[in-house]
Amino acid sequence: MKVLRSFDPWRSRLCTCPPKYSLHPYTGCSHKCLYCYATSYIGTKNSTPKKHFLKKLEADLRSADKGRAVNLSTSSDPYPPIERETMLTRRTIMLLIENSVKILITTKSDILLRDIDLLSKSSSAVMLTITTLSDELSKIIEPGAPPASARLRALKMLADHGIPIGVRVDPIIPFVNDDREDLGRLVEEVVSLGASHIVCSTFKARWDSLRRIERNLGGIGRRIVELYRLTGVKMGGYIYLPEDFRRSILEPVCSKARELGVTYAVCREGLFHEKYFNSPSCDGQHLIR
Ligand code: SF4
């Protein structure tokens, strides 16, 4: 397989995703999220289309297990600004549909609204990442991605078109977007707009993401770095906060989702109690029709 890969996030024993393929039409990522987990292998450059991508995908699909969903994308967002011109992700989706493959889209961008026509006639679901309701904050922590309000509008439009959709509140970063009440409001808002599944995850740090946070968030950035330096625990190549701390951050999201009657899960937290995990799949695959 050249571009279609079995999803195996760093062989993490904490990953609960059902088997699936991951697929990345682009390398690099123009969204430039401060907390990005992927910069150590996709780099820090803007999104660039992979060479001969569709040809390689066509070849891979000949031997692919068609029962497995394809997740576009688990890193390097499939809808960066350049997608408006290249339409590479659109052409990828067309190829997947021709091959009767189930599609799970994970993105922070409202550019995917352009592809509603394709999504509504395919076996697909969308997981939109929304980390805050504040445009001001989303512009600071995800400077190259569309603001929170654009993602909320996209969520509503996708739901109105009958496309199954969930939201990733990922990551939740201490002192930045972990206010209990704000998180509860965020879940209320996205569920009222049509989200039927919520995934949340605490910020798992690497030294490169901590350095970006420190450079860009001033005093708060320094507090975050200190917190991870003094209390962090190394797990699967990442620095995790202590479990009690993580539970306290995740709980408002999960309890609000439970109260509102939608499915919910945490991502790579090692927490399997139904307080944190009450869903047939964590990544939203169960939404695919
Ligand atoms: S959208 Fe994802 S891959 Fe792109 S910069 Fe943000 S976290 Fe990294």
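Me: I should like to begin with strand pairing. Which residue of β9 stands opposite I172?

Reply: The residue opposite I172 is T202 in β9. Please keep in mind that this is a predicted model. To read a pairing, one looks for bridges between two strands and then asks in which sense the strands run. Here strand β8 (residues 165-172) and strand β9 (residues 197-202) run parallel and are joined by 4 bridges. Another pair in this part of the structure consists of R168 and its bridge partner in β9, V199.

Me: How many residues of β9 are buried, and which residues lie on each side?

Reply: A residue counts as buried when 20 or more other C-beta atoms lie within 10 Å of its own. In β9, 6 of its 6 residues are buried, and the strand is mostly covered. One side carries H197, V199 and S201, while I198, C200 and T202 lie on the other, and both faces are covered.

Me: In what order do the strands of the sheet follow one another?

Reply: One reads a sheet from edge to edge, strand by strand. In this model, 8 strands form an open sheet in the order β1-β2-β5-β6-β7-β8-β9-β12, with mixed pairing. The edges are occupied by β1 (5-6) and β12 (263-266); each has a single partner strand, so one side of each is left without a neighbour in the sheet.

Me: Which strands pair with β5, and in what sense?

Reply: Strand β2 (residues 20-22) pairs with β5 in the parallel sense over 3 bridges, and S22 stands opposite N71 of β5. Strand β6 (residues 103-107) also pairs with β5 in the parallel sense, over 3 bridges; there, L72 stands opposite I105 of β6. Both faces of β5 (residues 69-72) are covered, with A69 and N71 buried on one side and V70 and L72 buried on the other.

Me: Where are the cis peptide bonds described here, and why do they deserve attention?

Reply: They deserve attention because most peptide bonds are trans. A cis bond links L72 to S73, with omega about -5°. S73 belongs to the loop between β5 and α3 (83-86). Another cis bond runs from D170 to P171, with omega near 5°, and P171 is part of strand β8.

Me: What should I look for in the backbone angle phi?

Reply: Most residues other than glycine have a negative phi. H52, which is not a glycine, has a positive phi of about 50°. H52 is in the loop between β4 (48-49) and α2, and it is exposed, because 12 other C-beta atoms lie within 10 Å and the limit for exposure is 12 or fewer. S100 likewise has a positive phi, near 55°. S100 occupies the loop between α4 and β6 and is exposed, with 10 other C-beta atoms within 10 Å.

Me: How do helices α2 and α4 lie with respect to each other, and what is the handedness of their crossing?

Reply: One considers the distance between the axes and the angle at which they cross. The axes of α2 (residues 53-62) and α4 (residues 88-98) come within 11 Å and cross at roughly 20°. Angles under 35 degrees count as roughly parallel, and α2 and α4 are therefore roughly parallel to each other. Their crossing is right-handed.

Me: Is V191 buried, exposed or in between, and which helix holds it?

Reply: V191 belongs to helix α8 (residues 180-193). V191 has 19 C-beta neighbours inside 10 Å and so counts as partly exposed. K256 is 65 residues from V191 along the chain, and their C-alpha atoms are separated by 9.9 Å.

Me: Finally, which residues surround the ligand?

Reply: The residues around the ligand are C29, H31, K32, C33, C36, A38, S75, S76, D77 and K108. By class, this shell comprises 4 nonpolar, 3 polar and 3 charged residues. One of these residues, H31, is in the loop between β3 (26-27) and α1 (39-42). H31 counts as buried, with 22 C-beta neighbours inside 10 Å. From H31 to V70 there are 39 residues in sequence and 22 Å in space, C-alpha to C-alpha.

Key:
Residues numbered from 1 in each chain as written. Predicted model: local features only at pLDDT ≥ 70, side-chain atom pairs only at ≥ 80, totals over all residues. Near = placed C-beta within 6 Å. Nonpolar A, V, L, I, M, F, W, Y, C, P; charged D, E, K, R; others polar. Pairing = 2+ DSSP bridges. Axes fitted to C-alpha atoms, helices over the stretch in contact; angles between N-to-C directions. Parallel < 35°, antiparallel > 145°, perpendicular 65-115°, else oblique. Left-handed = near helix turned anticlockwise from the far one by under 90°.
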